[in-house]
Structure formats: C-alpha cells, structure tokens
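I opened a notebook for this structure and kept my entries in the order in which I looked things up. Each entry takes one part of the chain and stays with it until I have a picture of that part.

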Amino acid sequence: MAALDLSLHGLGRCLRLVDAPEVTRTLVATLPGWTPSVCPARGGAPAIRLYRCGAGYRQYAPALPGGLDLPTATAAASSLIADLAGEALAADRNQDLLGLHCASVEIDGRLAIFPEAHRAGKSTLSLAFAAAGYRLFGDDVLGLTPTGEGMALGIAPRLRLPLPEGLAPELLAYFHRHAGPGDRRYRFLRPSRLAAHGETRPLGAIVLLERDAGLAAAEVVRLSPGEGLAQLLRQNFADERDDAALMPRLLPLMERLPCLLLRYAEPLAAARELARVLRAGVEVPAREAGRMVASRGGPLAPSHRWRPAPRVHAYPLGDELFLIHGPSGGIHRLNASGHAVWALLAEEALSLDALADCLAEHFDCPRTMLARDLHALLAGLVEADLVIPDEALADAP
C-alpha cells in the first residue's frame, strides 16, 4: 500500500494517507491558500491518519480514536480539513487564536463576518461575494487574534448540493467556472480571490443572516450588540475555554463593531446590497431584540429577599446584560429592564415588592403591570440559579 505524508505551513508533517491518492489530490485542491506539500511516508504516523477501507475510507484522529467511516474522497477531505483547522488553531497558541465558526469576506480592508446559522446560506453568500469581486477569507472557520483581527486558514469554500433555487445566472456561471472536487452532496469551489493561510484583516462588522424566499429585495437591519455577542459565544469552538474566559476577548469587539441583520432571498443581490451599506456607511433601521430569561416556575413569595448567586459573572453590553452561570456555563441575556433589576439586586437584597416599588417610581409606570413582569423575570432568574434567597448566603459555610 502506498502511504503519503502531507505537510502544512505551521503544522509540519500533520497527516498520513494510506492507499488514498484521490483523497490526496482532493485535499491539495481544497487547500489553495495553504500550499500543502506531499511526500512518501516516513517514521511514525502523525495523529491524523486516513486509510482506504473497502470502497470508502476510515479516518483516525485524537477526537476520533475509534475511527470514522467516510464514503467518498470529498467526504474524507471535508472531515480531514475540519481536524486540520483545529490543529492549526491549536498550533498558533503563541498568537492566542480563537476559532470562530463563521464565513468572512473583505470589504474595503475590513472583514464582515457571518456567524454560523443553520441553513441560513452563509457558504452560498460567501460565493456570491466572490462572484461580485470581493476577497473571501473563508466560508466556515476564521481565526480571531487578541487584537480583534481575523486570520484566514486558506481553505476553499464548500457548497451543499443541489444548489438553492433562484440563484442569479451570473452566480451560477461563477459556480461552474470555479467548481472544484465534489460528490453528490458537496462541491468545493476555487474562487479567484481567496486569502492565504495566515493573512489577517481587522473586523468591520458582524452580520447575522435571515434567508426569506418571499423578499423582493435584500435589506439590512441594525441589531443590538447583544445579538452579535450571543452568536459569537455560541459559535466559538475553543472547547477548553469557558464563556467567562471568552468575554474579555469578545466584549471589546461588540462595543465597537456594528451588528447587522441581512435579510435576503437571492445571494448575489444581497452581497451587493450589504457591500453598498458597509462601504458608504449608510444608516439602516434598527430592530429591537432585547429578551428576558424565560420562566416555567411557580409563584414567588413577595416578601422573600433575593440577591445574585455566587459564581454568576455579569457582563454589561450597552443597555443589555449577559450573565454566565459559573457552575453550569449557561448563558443568559437580559434586556434593559432586566439589567436594571440585576443592578438593584447587586446593590442589596430586595423582595419582589421592593423591586416593584423602586422601578415603578423610577420608570413612572403602573405598579400592577410592572409587578407581573418582574415576577416573570425573577422567577426565571431563580429557576436558572442566578439569584438565591438572601438567607441562603447567610446560612452558607
């Protein structure tokens, strides 16, 4: 059996492929910005390995000690690339890179990033930006440096097949001109402008996606910074870091970057509209997106006094507040009203009645309606173990 070792800049000899020349060719074609080199296998095998297994392949890696069966060369290359990307981010620990699941495109020297959202079309949208003449930094993974710059990994984008209906003819023509290896489920693309591995650019905007086939034209909406932060917290894959450790990295970004929602039906028109907004600094309408902690709990005693539980970390962002429950790692997001309640409880333990009195006077609103909303919020905080009765702290050892 012929065995080959693949080497990548920054990783060295990182992958062994045994009796799988078609996977080797696919990998080389899908890492155009990383310039892989291939040579006959020598010495001990690297941690990531792929073997032919019948009509398909079996991959082994630190995260796959029992092996993973893969049916095609494209499926094998996709799986190997995921492991190689993780290895690349880990190897750059001297840069303290954080890995984000997002697409990214350069517009006027800055990156617009599109966090992962199920079937929202970020890969197709990435291709649309490439077809419109913009430089692609990646469609799935981006390294984030401590200074807030995005670092490309040099990996070709991959589209799910069949392609969505209703794509512009110009975009379809670009797809066919730049199509790379593929199978019945996925096709890699070789865009004409793809950033090389290690290239960096500052971030310029966080853009969430909403695909709606019924829209007549693409539109851009401004969201609260909390929307972007919630997405980034969900989409990082630095498994060894908890969310409290990530906050010092992500909060400064959200304080200075616009968070936008791109609603669209056709990707090429959407790419051009978003680029127009970002390049011209066009003012866009805002969408209110504050949210409270949901509650399934029962009634609370109005006289009980409550205070923040130990090991709850609070992070303000604009009018909103993010709470991370230390023991479980759960993330909870409060709107401006919830933020005000938390600030009062952090000052002193208060009952539901006392909170209602304070806020009714401050906001000059009917106490009855306010008390009902406060009960729902406080019950949610209790259910999530974010607040506890005041006497619980007094009784603690």
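The entries below go from confidence to sheets, then to helix packing and to two backbone details.

**Entry 1: confidence**

I began with the fact that this is a predicted model, and I looked up how confident the predictor was. The average pLDDT over the protein is 86, and 90% of the residues score at least 70. I then noted where the score drops: over residues 288-294 the pLDDT stays under 50, although the model gives this stretch 23 contacts beyond four places in sequence. Residues 393-397 also have a pLDDT below 50, and this stretch has four contacts in the model beyond near neighbours in sequence. I read both stretches with caution.

**Entry 2: the six-stranded sheet**

I next asked in which order the six strands of the open sheet follow one another. The order I wrote down is β3-β1-β2-β4-β5-β6, and the pairing is mixed. At the edges I found β3 (37-40) and β6 (64-70), each with a single partner strand, so one side of each has no neighbour in the sheet. Leaving direction aside, neighbouring strands of this sheet are turned by 25° against each other on average.

For one pair I went into detail: β1 (residues 3-8) runs antiparallel to β3 and is joined to β3 by four bridges. Within this pair, Leu6 stands opposite Val38 of β3. I also looked for a helix on this sheet and found α1 (residues 21-30), which lies across β1, β2 (12-18), β3, β4 (48-53) and β5 (56-61) and runs at about 145° to β2.

**Entry 3: the three-stranded sheet**

Further along the chain I found an open sheet of three strands in the order β22-β18-β23, with antiparallel pairing. Its edge strands are β22 (350-351) and β23 (387-389), each of which pairs on one side only. Strand β18 (residues 305-308) is joined to β22 by two bridges, and the two strands run antiparallel. Which residue of β22 is the bridge partner of Trp306? I found that Leu350 is that partner. Helix α8 (residues 336-347) packs on this sheet, where it touches β18, β22 and β23, and its direction makes about 100° with that of β18.

**Entry 4: α8 against α9**

Staying with α8, I looked up its packing on helix α9 (residues 352-363), and noted an angle of about 120° with the axes 11 Å apart. The two helices are therefore oblique to each other, and α8 passes α9 in a right-handed crossing. On the α8 side the contact is made by Ala340, Val341, Leu344 and Leu345, and on the α9 side by Leu355, Cys358 and Leu359. When I sorted the residues of this contact by class, I had seven nonpolar, no polar and no charged.

**Entry 5: α3 and its two partners**

I then turned to helix α3 (residues 122-131), whose axis comes within 10 Å of that of α4 and crosses it at roughly 95°. These two helices are therefore roughly perpendicular to each other. Leu127, Ala128, Ala130 and Ala131 of α3 meet Glu170, Leu171, Tyr174 and Phe175 of α4, and by class this contact has seven nonpolar, no polar and one charged residues.

With helix α7 (residues 267-280), α3 packs at an angle of about 70°, the axes being 8 Å apart. This pair is therefore also described as roughly perpendicular, and α3 passes α7 in a right-handed crossing. From α3, Thr124, Leu125, Ala128, Phe129 and Ala131 meet Pro267, Leu268, Ala270, Ala271, Leu274 and Ala275 of α7. This contact divides into ten nonpolar, one polar and no charged residues. I marked Ala128 and Ala131 on both lists, since they meet residues of α4 and residues of α7.

**Entry 6: two backbone details**

Last, I looked at the backbone in two loops. A cis peptide bond joins Leu161 and Pro162, with omega at about -5°, and Pro162 sits in the loop between β12 (158-160) and α4 (169-177). Asp108 has a positive phi of about 55° although it is not a glycine, and I placed this residue in the loop between β7 (98-107) and β8 (110-115).

Note on methods:
Residues numbered from 1 in each chain as written. Predicted model: local features only at pLDDT ≥ 70, side-chain atom pairs only at ≥ 80, totals over all residues. Heavy atoms only, no water. Pairing = 2+ DSSP bridges. Contact = heavy atoms within 4.5 Å. Axes fitted to C-alpha atoms, helices over the stretch in contact; angles between N-to-C directions. Parallel < 35°, antiparallel > 145°, perpendicular 65-115°, else oblique. Left-handed = near helix turned anticlockwise from the far one by under 90°. Nonpolar A, V, L, I, M, F, W, Y, C, P; charged D, E, K, R; others polar. pLDDT = per-residue confidence, 0-100.
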